[in-house]
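Here is a friendly walk through one model, written for someone who likes to think at the bench. Keep the viewer open as you read.

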Amino acid sequence: MGEIGEKLEIDFVISSGDNFYEDGLNGVNDPAFQHSFTNIYKAPSLQKTWYNVLGNHDYRGDVEAQLSPILREKDKRWFCLRSYVLHAEIVDFFFIDTTPFVDDYFTNPKEHTYDWRGVLPKDKYLNDLLKDLDLALSKSTAKWKMVIGHHTIKSAGHHGIITELAQQLVPILEEHDVDFYINGHDHCLQRIGSIDSKLEFLTSGGGSKAWRGDVKGWNPVELKFYYDGQGFFSIELNQKEVEFVYYDVFGNVLHKFSVSKDSCVSSQ
């Protein structure tokens, strides 16, 4: 990542959630913050702001710790809120808190304890989140719109389709012509298109462990790329075109594609 970051002269980094395994942070002084973040991403090119979303594993710890400004004092790169918008000139990134959408975490938590402070009552929280997202998307004048959430909406990986998000979130994304939904959750790299819209679903969940061979069948017309290993991807864009490049852990290019905004044509 450091080498690619230097080559591309990156502006910032986006993390798609599950920031700390297995059970988030236990507080603002948890040494896991240094062990899993500060002391890992030490390359000069990665000394940029990291924009994070929360994942389900983060909710198994002290969520408020990850949201605390104290972590920014410990490492100025760290930025994490539940849901927010990053205005980056020609592109707007809409970060959304997807974990509370998943009913199973409430009804069947198994041995896990989730930190639902600030989320309950759930229905009001989700209604407000969706309204805020709908309003922010409607006001956006950016050339490109990308939504970042931890959970999968379309995936050929282990978790597959998260029904709650497919039902509640996708109609809003399509109504406002969102270009890409970017997620983690499944420990792989993948790209899935849509037969009936321009919206594409991009998974970058291979930043730590990966699940070799854990792949389901998917319509080959939609499934453009799947890699069951570790890696990451980069985004470069201008007013007319965006290019995504997927890399393995050694920086080898696995897949790349570009989309033209004017023609909405994808090439690879």
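## The start of the chain

At a relative accessibility of 37%, Met1 counts as partly exposed, because buried means under 20% and exposed means over 50%. Please keep in mind that this is a predicted model. Met1 sits in the segment that comes before helix α1 (2-8). Which residues does Met1 contact, once its neighbours within four places in sequence are left aside? They are Tyr41, Ser45, Leu46, Trp50 and Phe232. For Ser45, the chain separation from Met1 is 44 residues, while the C-alpha atoms of the two are 8.5 Å apart.

## The seven-stranded sheet

Next, a look at a sheet. Seven strands form an open sheet with mixed pairing, and their order is β4-β5-β6-β7-β9-β8-β10. Its edge strands are β4 (84-88) and β10 (223-227), each of which pairs on one side only. On average, and ignoring direction, neighbouring strands in this sheet are turned by 15 degrees against each other.

Within the sheet, β6 (residues 144-148) runs parallel to β7 (residues 180-183), and three bridges pair them. If you would like a residue to click on, try Val147, whose bridge partner in β7 is Tyr181.

Strand β8 (residues 189-192) is a good place to look at both sides of a strand. Are its faces covered or open? Both are covered: Leu189 and Arg191 are buried on one side, and Gln190 and Ile192 are buried on the other. Strand β8 pairs with β9 in the antiparallel sense over four bridges, and Gln190 stands opposite Thr203 of β9. The pairing of β8 with β10 is antiparallel too, over four bridges, and here Ile192 faces Leu223 of β10.

## Salt bridges

Side chains of opposite charge can pair when their charged atoms come close. How many salt bridges does the structure hold? The count is 12. Three of the pairs are set out here.

| Pair | Closest N to O distance |
|---|---|
| Lys154 and Glu222 | 3.0 Å |
| Lys261 and Asp179 | 2.7 Å |
| Asp228 and Arg212 | 2.8 Å |

The side chains of Lys154 and Glu222 meet in a salt bridge. This pair links distant parts of the chain, 68 residues apart: Lys154 is in the loop between β6 and α7 (163-168), and Glu222 is in the loop between β9 (200-204) and β10. Lys154 has a relative accessible area of 17% and is therefore buried. Glu222 is buried as well, with a value of 10%.

Lys261 forms a salt bridge with Asp179. Lys261 belongs to the loop between β13 (253-260) and β14 (266-267), and Asp179 to the loop between α8 (170-175) and β7, so this pair ties together parts that are 82 residues apart in sequence. Lys261 and Asp179 are both buried.

Asp228 meets Arg212 in a salt bridge between their side chains. Because Asp228 lies in the loop between β10 and β11 (231-237) and Arg212 in the loop between β9 and β10, the pair ties together parts that are 16 residues apart in sequence. Are the two partners buried or exposed? Asp228 is buried, with a relative accessible area of 19%, whereas Arg212 counts as exposed at 61% relative accessibility.

There is also a network to find: Asp62, Asp115 and Arg117 are joined by salt bridges that share partners.

## A buried aspartate without a salt bridge

To finish, turn to Asp248 in strand β12 (residues 241-248). What is the nearest side chain of opposite charge to Asp248? It is Arg212, 8.9 Å away, and Asp248 is buried yet has no salt bridge. Arg212 has already appeared above as the salt-bridge partner of Asp228.

Polar atoms of the Asp248 side chain do lie 2.9 Å from backbone nitrogens, one belonging to Phe250 and another to Asn252. Beyond its neighbours within four places in sequence, Asp248 is in contact with Tyr227, Gln230, Gly231, Phe232 and Leu254. Phe232 brings us back to the beginning, since it is also listed among the contacts of Met1.

Notes:
Residues are numbered from 1 along each chain as its sequence is written. This is a predicted model: local features need pLDDT of at least 70, side-chain atom pairs count only at pLDDT 80 or more; totals for chains, interfaces and linings use all residues. Side-chain values use heavy atoms; hydrogens and water are left out. Two strands pair if DSSP finds at least two bridges between them. Helices (H or I, at least four residues) and strands (E, at least two) are DSSP runs, numbered from the N terminus. Axes are lines fitted to C-alpha atoms, for helices over the stretch in contact, and angles run from 0 to 180 degrees between N-to-C directions. Buried means under 20% relative accessible area, exposed over 50%, partly exposed in between (1.4 Å probe, protein chains only). Contact means heavy atoms within 4.5 Å. Lys and Arg count as positive and Asp and Glu as negative; His and the chain ends are not counted. A salt bridge is a side-chain nitrogen of Lys or Arg within 4 Å of a carboxyl oxygen of Asp or Glu. A polar contact is a pair of N or O atoms within 3.5 Å; within protein, one must be able to donate a hydrogen and the other to accept it, and residues adjacent in sequence count only if both atoms are side-chain atoms.
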